[in-house]
Amino acid sequence: MEIVVSGIRSTGNLHLGNYFGAIKNFVKMQKENKCYFFIADYHALTTHPKPGDLHGMIKQVLAEYLACGIDPEIATVYIQSDVPEVSELYLLLNMNAYVGELERTASFKEKIRKQPDNINAALLTYPVLMAADIIIHKANKVPVGKDQEQHLEMTRRFARRFNMMYEVNYFPEPDAYNFGKQLVKIPGLDGTGKMGKSEGNGIFLADKPEEIRKKVMRAVTDAGPSTPGEEPSEAVKNLFTIMKVVSDPETVKYFKDKHASCEIRYGDLKKQLAEDIIKFTEPIRLRINEIISDNKYLSRVVADGAEKARESASKTVREVREIIGYRPF
Ligand code: TRP
């Protein structure tokens, strides 16, 4: 069986982008692979959450994982900070990660732009921690969205560098993975860019139907097509992209044809889109609410997951220490 690792930061409720970019694949992969799915709560600290919020945010993402169909009886589901071996591997990998390559990472440059008053060292070494998460279980496949491609490339580089440096063939080089032809990118509702937790352009799995209707009706569009067959604008294309993942193919075709013949009414498109999103998210939302109030169940899942994850992680760290040259006295 191949080994699969993936995680999502606990920085807010999960949205449609998380679902279609990552979790949908997690659920599909869990039966045929040995899977480790975790909540990246160390990574979440780079944006300095308040101590009073941290636990609730972790709990929310955990409940959302489970509500989406990740089965802790099959996959290992755990909280990153429950596995301190990750931080040891992170420290060891930092020794051969170079500041230059870290500074050139797109996500780091973006953070410099977005949070200029909090450019902490952990943002710089974020890809090293992510590599540690992945190779600590000697993963082969990592289901992630398109935005994580570069981090995966760096993970492969760090794994390869470790192998070369110590002349071993220890870490496999993991690949980004998606079931479709390409890595999926779900756009936001504001006409530009991807759906994000902090961008204010997202639809959350836990959103109530009324919120979803309101958000979709407010989504950015344009003045409408004026010549038959013309390319939709970026904003309208984005709505079609979301529609493609939640609506029937006939529905998508219907509105595309209406656009092509300049008869489209964006209000109708949005109404349909909102109802199709609700149809998709409503059962998940109800399950999230059920699971989140079941503390006994959640604490059992977390304890089991930590135990299984640490078993695999501590074996790797033991072997890595040996490869590096640590010897018992
Ligand atoms: N960087 C990922 C994100 O922002 C989260 C993440 C942390 C991750 N460690 C990982 C994803 C390991 C896959 C594997 O979405």
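# Close-up views of a predicted model

**View 1. Phe 162, Tyr 166, Tyr 170 and Phe 171 together make up one aromatic cluster.** The structure shown is a predicted model, and this first view is centred on the four side chains of that cluster, Phe 162, Tyr 166, Tyr 170 and Phe 171. Counted over the model by the same ring-pair rule, the aromatic pairs come to ten.

**View 2. Tyr 19 and Phe 20 form an edge-to-face aromatic pair.** The centres of these two rings, Tyr 19 and Phe 20, are 5.0 Å apart, and the angle between their planes is 80°. Both residues, Tyr 19 and Phe 20, are buried; for Tyr 19 the relative accessibility is 11%, and it therefore counts as buried.

**View 3. Tyr 19 also pairs with Phe 280, and this pair ties together parts of the chain that are 261 residues apart in sequence.** The ring centres of Tyr 19 and Phe 280 lie 5.0 Å from each other and the planes meet at 70°, so this pair is classed as edge-to-face, given that planes over 60 degrees apart count as such. Tyr 19 belongs to helix 1, which covers residues 16-29, whereas Phe 280 belongs to helix 12, which covers residues 266-292. Phe 280 has a relative accessible area of 23% and is partly exposed, while Tyr 19, at 11%, is buried.

**View 4. The ligand is surrounded by 13 residues.** The closest of these residues are Gly 7, Tyr 126, Met 130, Asp 133 and Gln 148. Strand 1 (3-9), strand 2 (34-40) and helix 7 (126-135) each contribute at least two residues to the shell around the ligand, and helix 7 gives the largest share, with four residues. Sorted by class, the shell holds seven nonpolar, four polar and two charged residues.

**View 5. Side chains of Tyr 126, Gln 148 and Arg 9 place N or O atoms close to polar atoms of the ligand.** A nitrogen atom of the ligand is 2.7 Å from an N or O atom in the side chain of Tyr 126, and a ligand nitrogen atom is likewise found 2.9 Å from an N or O atom in the side chain of Gln 148. For Arg 9, the distance between an N or O atom of the side chain and an oxygen atom of the ligand is 3.4 Å. Taken alone, the ligand exposes 370 Å², of which the protein buries 92%.

**View 6. Lys 256 and Arg 321 each lie over an aromatic ring.** Lys 256 is placed over the face of Phe 240, at 5.4 Å from the ring centre. In the case of Arg 321, the charged end sits over the ring of Tyr 326, at a distance of 4.7 Å from the centre of that ring.

**View 7. Glu 167 and Cys 262 have positive phi values although neither is a glycine.** Most residues other than glycine have a negative phi. Glu 167, with a phi of about 50°, is found in the loop between helix 8 (149-165) and strand 5 (175-177), and its relative accessible area of 74% means that Glu 167 is exposed. Cys 262, with a phi near 60°, is located in the loop between helix 11 (249-260) and helix 12; the relative accessible area of Cys 262 is 27%, so this residue is partly exposed.

Key
Residues numbered from 1 in each chain as written. Heavy atoms only, no water. Near = heavy atom within 4 Å. Polar contact = N/O pair within 3.5 Å; in protein donor to acceptor, adjacent residues only side chain to side chain. Areas by Shrake-Rupley, 256 points an atom, 1.4 Å probe, with all protein chains shown as cover. Nonpolar A, V, L, I, M, F, W, Y, C, P; charged D, E, K, R; others polar. Phe/Tyr/Trp six-rings, centres within 6.5 Å; stacked < 30°, edge-to-face > 60°. Buried < 20%, exposed > 50% of the residue type's maximum accessible area, 1.4 Å probe, protein only. Lys NZ or Arg CZ within 6 Å of the ring centre and 35° of its normal.
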